[in-house]
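Reader: I'm in my first year and still learning to read these pictures. Could you pick one spot, take me through it slowly, and then show me how it fits with the rest?

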2 protein chains.
Amino acid sequence: MTRPSSGLHDRILASALHLFVERGYRGTSLQDIATDVGCSKASLLYHFSNKEAILTELMAPVMREAERLDARLDGLDGAAAAETAVTEFAELAIRYRREVKMLFDNLAEATTLGTALQKPESFGERLVNAFAGGSLAPADQVAARMALGGMFLTAADLSLDDAVLRDLLVATALRTLGRTPD
Amino acid sequence: MTRPSSGLHDRILASALHLFVERGYRGTSLQDIATDVGCSKASLLYHFSNKEAILTELMAPVMREAERLDARLDGLDGAAAAETAVTEFAELAIRYRREVKMLFDNLAEATTLGTALQKPESFGERLVNAFAGGSLAPADQVAARMALGGMFLTAADLSLDDAVLRDLLVATALRTLGRTPD
DNA sequence: TCAGACTCTGACCGATCGGACAGTTATCGT
DNA sequence: ACGATAACTGTCCGATCGGTCAGAGTCTGA
């Protein structure tokens with residue numbers, strides 16, 4: 001680069017994340033982001049090919065972590081799958097709190113939106129299965145969905161110390177699943 | 001009325017509910033609804049003063065039930081509050097599945113939107129407190145949020161028999177809260 | 001029969017959306 | 001000193017948004 005980088009790229013991401021979380025993806029216009037950053041709307045489209053590219057880049061780290069977790073769960077079953085899934089998902093949901101909140105604030109639009117929010121959908125289903133320990137019994141499936149949904153919502157909403165909240169999420173989710181933590 | 005009512009009013013509501021659930025409130029334009037109904041966009045605004053009025057009327061029955069539940073919880077505390085809240089909320093969430101799904105699909109926009117989606121916010125907080133049995137301990141608060149969030153998401157997503165799902169929601173939520181059902 | 005009320009619509013409006021593009025400015029290596 | 005290139009912006013665009021309005025068509029009660 002010739003001109004000293006002002007770090008605009010990262011500032012755009014920061015503002016976009018903040019606004020997407022607060023008002024949703026559709027509820028945030030490029031002009032909103034530009035105003036918040038303090039640059040022109042055209043600058044956004046210089047750094048990102050389009051609006052969705054901003055969302056995609058914001059979600060990229062979460063997606064990577066999600067795929068890693070997905071791979072780890074692949075060989076597991078039963079109690080091992082459930083406990084691993086719960087523990088790792090808690091860690092992930094806490095670390096990427098804002099991204100997680102952004103994600104489910106736009107679940108309805110996920111279908112319309114491109115690939116940025118489509119992988120998480122199938123990932124969610126595999127997580128539910130892991131939570132259920134592979135069981136297809138209605139009671140286990142419902143418990144799995146409730147545990148996952150509960151962690152999802154609670155991690156995004158609550159403002160508690162990260163470590164404390166993570167441990168509580170894990171313990172409570174395991175209780176929901178009927179698996180007493182060791 | 002002079003001309004035999006074509007029931008357009010209700011058909012608009014039905015289409016709007018369907019589309020709001022599928023694509024979100026912001027993701028659904030008046031033209032989308034009009035096309036789905038098979039009438040002109042101007043007809044929508046003949047029957048409803050504006051777009052938000054459609055949403056408000058869709059949410060009206062849920063709001064009434066929510067207020068009734070709210071009143072019932074007012075005098076209760078501890079285990080009685082938790083069990084009543086869980087049981088009644090399960091009933092409500094199941095009966096108004098689609099409206100509930102519509103509600104949390106638009107949580108991020110609730111602040112922007114008018115009164116239609118604002119009452120539920122404070123109602124949610126009171127529900128959490130009831131779920132927690134009045135306790136302010138972090139463990140109880142987290143469990144309450146997870147139980148509520150879990151019911152919320154699971155009632156909206158799953159396609160199970162109503163009665164079966166309702167009983168499972170109640171049993172699982174009580175387990176999450178650490179309250180063994182009688 | 002006919003005035004009036006009800007239902008519905010086409011045409012139009014200003015605002016805003018995401019995005020395209022040519023041009024300006026600043027800074028680099030040579 | 002001087003292109004070359006990266007960073008950035010003003011301006012414009014077509015599409016679509018929610019919403020208005022004058023009127024057309026249709027039925028009822030007097």
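Author: Sure, and let's start with a word we'll need: a residue is called buried when its relative accessible area is under 20%, exposed when it is over 50%, and partly exposed in between. Keep in mind, too, that you're looking at a predicted model. Now take B:F131, our spot: its relative accessible area is 1%, so this residue is buried.

Who does that ring pair up with? Searching the whole structure, over all chains, turns up 4 aromatic pairs. One of them is in chain A: the ring centres of A:F89 and A:F131 sit 6.4 Å apart with their planes at 80°, and since an angle over 60 degrees counts as edge-to-face, that's the label this pair gets. A:F89 belongs to helix α5 (residues 78–95) of chain A and A:F131 to helix α8 (residues 119–131) of chain A, so the pair ties together parts that are 42 residues apart in sequence. A:F89 has 5% relative accessibility and so counts as buried. A:F131, at 1%, counts as buried as well.

Back to our own spot in chain B. The rings of B:F89 and B:F131 have centres 6.4 Å apart and planes at 80°, so here too you have an edge-to-face pair. B:F89 comes from helix α5 (residues 78–95) of chain B and B:F131 from helix α7 (residues 119–131) of chain B, so-called distant parts of the chain, 42 residues apart. B:F89 is buried, with a relative accessible area of 5%.

Let's stay in chain B and look at some other residues. B:D70 is in helix α4 (residues 51–73) of chain B. Is B:D70 buried or exposed? Its relative accessible area is 17%, and because the cut-off is 20%, B:D70 counts as buried. Leaving out neighbours within four places in sequence, B:D70 touches B:F123 and B:R126. With B:R126 there's a polar contact too, joining the two side chains at 2.5 Å.

Another one to click on is B:F20, in helix α1 (residues 8–23) of chain B. Its relative accessibility is 0%, so B:F20 counts as buried. What surrounds it? Setting aside neighbours within four places in sequence, the contacts of B:F20 are B:Y25, B:T28, B:I33, B:K51, B:I54, B:L55, B:L58 and B:M102. B:L136, on the other hand, is 36 Å from B:F20, C-alpha to C-alpha, and 116 residues away in sequence.

You've just met B:M102 as a contact of B:F20, and B:M102 is one of the buried residues of α6(B). Helix α6 (residues 97–105) of chain B is mostly covered, with 8 of its 9 residues buried. Charged side chains are on that list as well, including B:R97, B:E99, B:K101 and B:D105.

Now over to chain A. This chain has 10 helices and 0 strands, and 50% of its 182 residues count as buried. Among contacts in chain A with a separation of 6 or more, 69% are between residues 24 or more positions apart. The helix that holds A:F89 also holds A:E88. At 27% relative accessibility, A:E88 counts as partly exposed. Apart from neighbours within four places in sequence, A:E88 is in contact with A:L69 and A:R72. For a pair that is 78 residues apart along the chain, look at A:E88 and A:R166: their C-alpha atoms are separated by 9.9 Å.

Last stop: the place where the two chains meet. Here 35 residues of chain A contact 36 residues of chain B. The area buried between the chains is about 2700 Å², and carbon and sulfur atoms give 69% of that. How many salt bridges are there between chain A and chain B? The count is 0, while 6 residue pairs are in polar contact across the interface. On the side of chain A that touches chain B, α1, α6, α7, α9 and α10 of chain A each supply at least two residues. α9(A) gives the most, with 14 residues. Sorted by class, this side of chain A has 19 nonpolar, 8 polar and 8 charged residues.

How values were computed
Residues are numbered from 1 along each chain as its sequence is written. Chains are lettered from A and ligands numbered from 1 in the order in which they are written. This is a predicted model: local features need pLDDT of at least 70, side-chain atom pairs count only at pLDDT 80 or more; totals for chains, interfaces and linings use all residues. Side-chain values use heavy atoms; hydrogens and water are left out. Contact means heavy atoms within 4.5 Å. Buried area is the accessible area (1.4 Å probe) that two parts lose on being put together, summed over both. A salt bridge is a side-chain nitrogen of Lys or Arg within 4 Å of a carboxyl oxygen of Asp or Glu. A polar contact is a pair of N or O atoms within 3.5 Å; within protein, one must be able to donate a hydrogen and the other to accept it, and residues adjacent in sequence count only if both atoms are side-chain atoms. Helices (H or I, at least four residues) and strands (E, at least two) are DSSP runs, numbered from the N terminus. Rings of Phe, Tyr and Trp (its six-membered ring) pair if their centres lie within 6.5 Å; planes under 30 degrees apart count as stacked, over 60 as edge-to-face and the rest as tilted. Buried means under 20% relative accessible area, exposed over 50%, partly exposed in between (1.4 Å probe, protein chains only).
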